[in-house]
Each structure stands twice: as structure tokens, then as C-alpha cells.
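Grab a pencil and work through a few short exercises on the protein and ligand shown here. Try each task before you read its solution.

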Amino acid sequence: ERRRGSAEPGALRTGVAAGGMAWRPSRRQRRSKQQQKKELLAGPGGEQGRGRQAGPPGPEAAPAGRSAALRARMEERLLSARFRYINQQLYTSTSQEAARLFQSDPEAFEIYHRGFAQQVRRWPENPVNRIIRYLRRRPASLVVADFGCGDCKIASSVRNKVHSFDLVPLSPLVTVCDMAKVPLAAESVDVAVFCLALMGTNLQEILEEANRVLKQGGTLMVAEVASRFEDTRAFVNAVAQLGFKSISK
Ligand code: SAH
């Protein structure tokens with residue numbers, strides 16, 4: 001909940017340093033990097049090798065079908081490796097650098113989103129659905145800002161006025177901008193959402209922007225993968241220093 005204006009400059013920085021919260025790759029990210037390396041090392045030869053171990057094809061085997069299936073599998077693995085690579089880039093650069101990445105390489109954005117959707121389908125719950133359920137329980141008159149909206153699932157699922165921001169438009173509902181600088185007046189929204197989107201290393205600047213556009217008493221909602229944080233409590237404390245009161249975790 002927003003309690004006051006922006007904190008004194010440098011407050012989150014101090015908090016982050018004191019809490020030891022650094023934006024280095026988490027253990028899981030490191031593991032996935034190792035896994036990625038292994039997969040890259042395994043390469044096409046690895047797949048073929050494994051295919052051969054399954055025994056020589058019988059006379060009824062259709063080689064064309066098998067090679068199409070193999071190709072599809074390889075493409076799938078390549079896509080997920082490229083997704084992990086871009087994801088890692090986004091989590092280790094500033095939001096301005098992320099904007100430049102997607103501008104200079106539109107394909108990267110498309111790959112990122114296909115990979116993201118694939119990833120989320122495997123989860124027991126997509127946090128965006130929880131946020132939608134939460135919004136549906138609250139008055140539809142509340143104005144929402146969705147920072148890093150992706151395919152605008154929130155805007156298309158609730159009756160509220162939703163401002164959807166992303167670097168590239170996946171939907172006509174998107175306003176293209178860097179989330180560190182959104183085209184909204186100060187104190188104009190009731191709920192600011194970051195659903196798996198608090199990616200830039202300049203997160204103080206990003207959260208200050210959310211603070212700027214939120215009305216006093218407004219709600220900031222952040223959904224992130226726990227492994228992203230070295231110390232979740234330090235993050236929560238740092239957000240408090242920006243002028244928010246934690247109401248639930
Ligand atoms: N919130 C959506 C999408 C999450 S994926 C959902 O939960 O389904 C993260 C999104 O953040 C991506 O669409 C990515 O393009 C966007 N994003 C990353 N950095 C951004 C930035 N600096 N400014 C705006 N959007 C950004």
C-alpha cells in the first residue's frame with residue numbers, strides 16, 4: 001500500500017546494500033545455465049545418439065516422420081535455450097537496455113514470449129490469474145496499471161480501466177514504453193501490477209515510477225519467482241523504504 005511519496009534519493013539503494021540483496025543470477029538461474037550448457041553440448045549429435053540407442057528402425061519405420069519429429073524436438077530445445085538466454089539478459093540489464101535489446105532485435109521479443117508462454121503452461125498456477133481474481137473481488141472502478149503486461153491478460157479479463165505497458169505490443173491494448181517511464185499522470189491509478197515483470201536491475205527507479213503514478217493508499221502488487229531474490233525480506237524492507245506498507249506476502 002502506498003503510504004507516502006518517494007523516499008529520499010538512494011533509500012532503496014541503501015536498503016538493498018544493507019540487506020545484501022544483489023541481482024546476481026540465483027541458484028536456479030545458475031543451474032539452468034549449466035543445464036543450458038549441457039543441452040548445447042549435447043547438441044544434435046546427442047539427440048541422434050539417444051535415438052540410435054533405442055534400437056535400429058524396423059522395416060516399418062518411416063524415416064521422414066522420424067526426422068520431422070526429431071527436427072521439431074530440436075527446434076523446441078533451441079527455442080527454450082534462447083528463451084532462457086534472453087530471460088537472463090533481461091534480469092541482468094537495466095530496463096533501458098532491455099528496451100534497446102527488443103528494438104534492435106524484434107525476433108528476440110517473439111522468442112521470449114513464446115518461451116514465456118511455454119514455461120508458464122507447466123506451472124501449477126499462473127500468478128496473473130490470482131491477480132485477476134483479486135481485482136474481480138475489488139470495485140471495478142479502480143484504475144489499474146499493468147507494468148510489463150505481455151499479452152494483456154489482465155486488461156482483457158477485468159472490467160476495470162487498465163493501462164497496459166510493455167516494450168513491444170503483443171496486443172493492440174498495449175502502450176509501448178519502458179516501465180521506468182510510463183505516460184501517466186502522478187497519483188492517477190489505484191493498483192499497480194508487476195506480474196513476473198520486475199526484471200530490470202534499475203528496480204528502484206521502476207518502483208519509484210509505480211509510486212509516482214499510484215494514489216495515496218493505492219496498492220502495489222508484485223508477483224515474482226522466489227528464487228529471483230537472494231533475500232526476500234530485504235526486498236520487502238527496501239520496498240517499504242520507498243514509501244509502501246507491506247499488507248500481505
Ligand atoms: N505480466 C505478463 C507478462 C510477463 S513477461 C504476465 O504475467 O503474463 C514479462 C514482460 O515484461 C514481457 O512482456 C516483457 O516484454 C516486459 N518487460 C520487460 N522489461 C520491460 C520494460 N523495461 N518496460 C516494459 N516492459 C518490460
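Below are five exercises, each with a worked solution.

This is a predicted model, in which local features need pLDDT of at least 70, side-chain atom pairs count only at pLDDT 80 or more, and totals for chains, interfaces and linings use all residues. Residues are numbered from 1 along each chain as its sequence is written, and side-chain values use heavy atoms, with hydrogens and water left out.

**Exercise 1: the overall layout**

Task: work out how many helices and strands the protein chain has, and in what order the elements run.

Solution:
- Step 1. Start with what counts: helices (H or I, at least four residues) and strands (E, at least two) are DSSP runs, numbered from the N terminus.
- Step 2. On that basis the protein chain has 8 helices and 5 strands.
- Step 3. Reading from the N terminus, the order is α-α-α-α-α-α-β-β-β-β-α-β-α.
- Step 4. Now for burial: a residue is buried under 20% relative accessible area, exposed over 50%, and partly exposed in between (1.4 Å probe, protein chains only). Of the 249 residues of the protein chain, 44% count as buried.

**Exercise 2: rings that meet**

Task: find how the rings of Phe-102 and Phe-109 are arranged, and which residues form one aromatic cluster.

Solution:
- Step 1. Here's the rule: rings of Phe, Tyr and Trp (its six-membered ring) pair if their centres lie within 6.5 Å; planes under 30 degrees apart count as stacked, over 60 as edge-to-face and the rest as tilted.
- Step 2. Apply this rule and you get 7 aromatic pairs. In one of them, Phe-102 and Phe-109, the ring centres are 4.9 Å apart and the planes sit at 85°, so this pair is edge-to-face.
- Step 3. Check the surroundings: Phe-102 is buried at 5% relative accessibility, and Phe-109 is buried too, at 4%.
- Step 4. Phe-102 also pairs with Tyr-112; this pair is tilted, with 6.3 Å from centre to centre and 50° between the planes. Since Phe-102 belongs to helix α4 (residues 95–104) and Tyr-112 to helix α5 (residues 106–121), the pair ties together parts that are 10 residues apart in sequence. Both Phe-102 and Tyr-112 are buried.
- Step 5. Put the rings together: Phe-83, Phe-102, Phe-109, Tyr-112 and Phe-116 form one aromatic cluster.

**Exercise 3: around the ligand**

Task: say how many residues surround the ligand, and which element gives the largest share of the shell.

Solution:
- Step 1. A residue is near the ligand if one of its heavy atoms lies within 4 Å of it. The ligand is surrounded by 18 residues, the closest being His-113, Gly-148, Asp-166, Met-179 and Cys-195.
- Step 2. Look at the N and O atoms. A ligand oxygen lies 2.7 Å from an N or O atom in the side chain of His-113. A ligand nitrogen is 2.9 Å from a polar backbone atom of Met-179, and a ligand nitrogen is 2.9 Å from a polar backbone atom of Cys-195.
- Step 3. How much gets covered? Taken alone the ligand exposes 570 Å², and the protein buries 97% of that. (Accessible areas come from the Shrake-Rupley method with a 1.4 Å probe.)
- Step 4. Sort the shell by element: α4 and α5 each supply at least two residues, and α5 gives the largest share, 4 residues.
- Step 5. Sort the shell by domain: at least three residues come from each of domain 1 (4–16 + 126–246) and domain 2 (27–48 + 60–120). These bounds come from an automatic or database domain assignment.

**Exercise 4: positive phi outside glycine**

Task: compare where Glu-187 and Leu-196 sit, and decide whether each is buried or partly exposed.

Solution:
- Step 1. Glu-187 isn't a glycine, yet its phi is positive, near 50°. Glu-187 is in the loop between β3 (174–176) and β4 (189–195), and is partly exposed at 39% relative accessibility.
- Step 2. Leu-196 isn't a glycine either, and has a positive phi of about 55°. Leu-196 is in the loop between β4 and α7 (203–213), and is buried at 8% relative accessible area.

**Exercise 5: a strand residue**

Task: place Phe-147 and give its C-alpha distance to His-163.

Solution:
- Step 1. Phe-147 sits in strand β1 (residues 144–147), and is buried with 0% relative accessible area.
- Step 2. Phe-147 and His-163 are 16 residues apart in sequence, and 8.4 Å apart in space from C-alpha to C-alpha.

Notes. Polar contact = N/O pair within 3.5 Å; in protein donor to acceptor, adjacent residues only side chain to side chain.
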